[in-house]
Amino acid sequence: MSIKEVLRMGDARLLRQAEEVPVLDTPQLHALLVDMRDTMRAMDGVGLAAPQIGVNLRVVIFGVDANPRYPDAQIVSQTVLINPVLTPLSDEMEEDWEGCLSVPGMRGLVPRYTHLRYQGRDEFGALIDRTVSGFHARVVQHECDHLDGILYPMRILDMKDFGFSDVLFPGTKVQDE
Ligand code: NI
């Protein structure tokens, strides 16, 4: 088990186009996923992309478990998604607040496609093909943006909708993605 440093905005490694994973189910890939899970858990995150720990591969993880403190939060099954392909299912977009482990302490209002199909593989090579909407779709788009060097502040339409979490939402605990 190994908790890795999460790169923060300003680090040029977050701006790269990540590379496809050529071979699945390798010891190196499984070791990467152990590090990613440990790091995401340690940071209490909703998702993490490999480039955020300096590994320039098209690998993301995400998931939200049931939490009695947030009974209304949408549950997203814990997912490993490799070499993802995202297909918006309509032009409909909606704005909502996002945070990011690479942009700690901040929140911004970001437009995302509401309805989305995503495909890819898990670490063992099994096919993943899901149609999702709302928060689940948002998390996938946020994480996969990291694979193309895009951080959520780049998608904020009006920079007035960007600020510190504790100022925007005083007294609320908010999770980073
Ligand atoms: Ni992020």
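This report walks through a predicted model of a protein chain with a nickel ion.

## Overall fold

Let us start with the chain as a whole. The protein chain contains 3 helices and 8 strands. Read from the N terminus, the order of these elements is α-β-β-β-β-β-β-β-α-β-α. With 177 residues, the chain has a radius of gyration of 15 Å, close to the 16 Å from the globule rule, so it is as compact as a globular protein of that length. Measured out along the principal axes, the C-alpha trace covers about 45 × 35 × 35 Å.

How much of the chain is buried? Buried residues account for 46% of the 177 residues. Of the contacts between residues at least 6 apart in sequence, 67% link residues that are at least 24 apart.

## Surface and charge

Turning to the outside, the protein chain exposes about 9000 Å², and 53% of this area comes from carbon and sulfur atoms. The chain carries 17 positive and 27 negative charges. The mean positions of these two sets of charges lie 3 Å apart.

## The nickel site

Which residues coordinate the nickel ion? The donors are C100 through SG, H142 through NE2 and H146 through NE2, at 2.1 to 2.3 Å. Along the sequence, these donor residues follow the spacing C-x41-H-x3-H. C100 belongs to strand β4 (residues 93–100) and H146 to helix α2 (residues 134–147), so the pair ties together parts that are 46 residues apart in sequence.

Are C100 and H146 buried or exposed? C100 is buried, its relative accessible area being 0%. H146 is buried as well, at 1% relative accessibility.

## Around helix α1

Two aspartates deserve a look for their backbone angles. D25 sits in the segment before α1 (27–42). Its phi is near 60 degrees, which is a positive value in a residue other than glycine. D25 is partly exposed, with 44% relative accessible area.

On the other side of the helix, D44 is placed in the loop between α1 and β1 (47–49). The phi of D44 is also near 60 degrees, again a positive value in a residue other than glycine. D44 counts as partly exposed, at 36% relative accessibility.

V46 is found in the loop between α1 and β1 too. Is V46 buried or exposed? V46 is buried, with a relative accessible area of 4%. In space, the C-alpha atom of V46 is 6.0 Å from that of V64, although 18 residues separate the two in sequence.

## The loop between β2 and β3

The next stop is the loop between β2 (59–64) and β3 (76–88), where Q74 is found. Q74 is partly exposed, at 34% relative accessibility. Which residues does Q74 touch, leaving aside its neighbours within four places in sequence? They are V64, S133, G134, F135 and H136. Helix α2 spans residues 134–147, and the contacts of Q74 include G134, F135 and H136. S102 is 28 residues from Q74 along the chain, and their C-alpha atoms are separated by 23 Å.

D72 lies in the loop between β2 and β3 as well. D72 is exposed, with a relative accessible area of 78%. Between D72 and L157 there are 27 Å from C-alpha to C-alpha, and the two are 85 residues apart in sequence.

## H115 in strand β6

Last on the tour is H115, which is found in strand β6 (residues 115–121). At 30% relative accessibility, H115 is partly exposed. Its contacts, leaving aside neighbours within four places in sequence, are P88, L89, S90, E92, V132 and S133. S133 is also among the contacts of Q74.

How far apart are the C-alpha atoms of H115 and T87? They are separated by 8.8 Å, with these positions 28 residues apart along the chain.

Key:
Residues are numbered from 1 along each chain as its sequence is written. This is a predicted model: local features need pLDDT of at least 70, side-chain atom pairs count only at pLDDT 80 or more; totals for chains, interfaces and linings use all residues. Side-chain values use heavy atoms; hydrogens and water are left out. Helices (H or I, at least four residues) and strands (E, at least two) are DSSP runs, numbered from the N terminus. The radius of gyration is taken over C-alpha atoms; the globule rule is 2.2 Å times the number of residues to the power 0.38. Buried means under 20% relative accessible area, exposed over 50%, partly exposed in between (1.4 Å probe, protein chains only). Contact means heavy atoms within 4.5 Å. Accessible areas come from the Shrake-Rupley method with a 1.4 Å probe; for residues, only the protein chains shown count as cover. Lys and Arg count as positive and Asp and Glu as negative; His and the chain ends are not counted. The place of a charge is taken as NZ of Lys, CZ of Arg, CG of Asp or CD of Glu. Donors are N, O and S atoms within 2.8 Å of the metal (3.2 Å for Na, K and Ca); water is not among the atoms, so sites may look incomplete.
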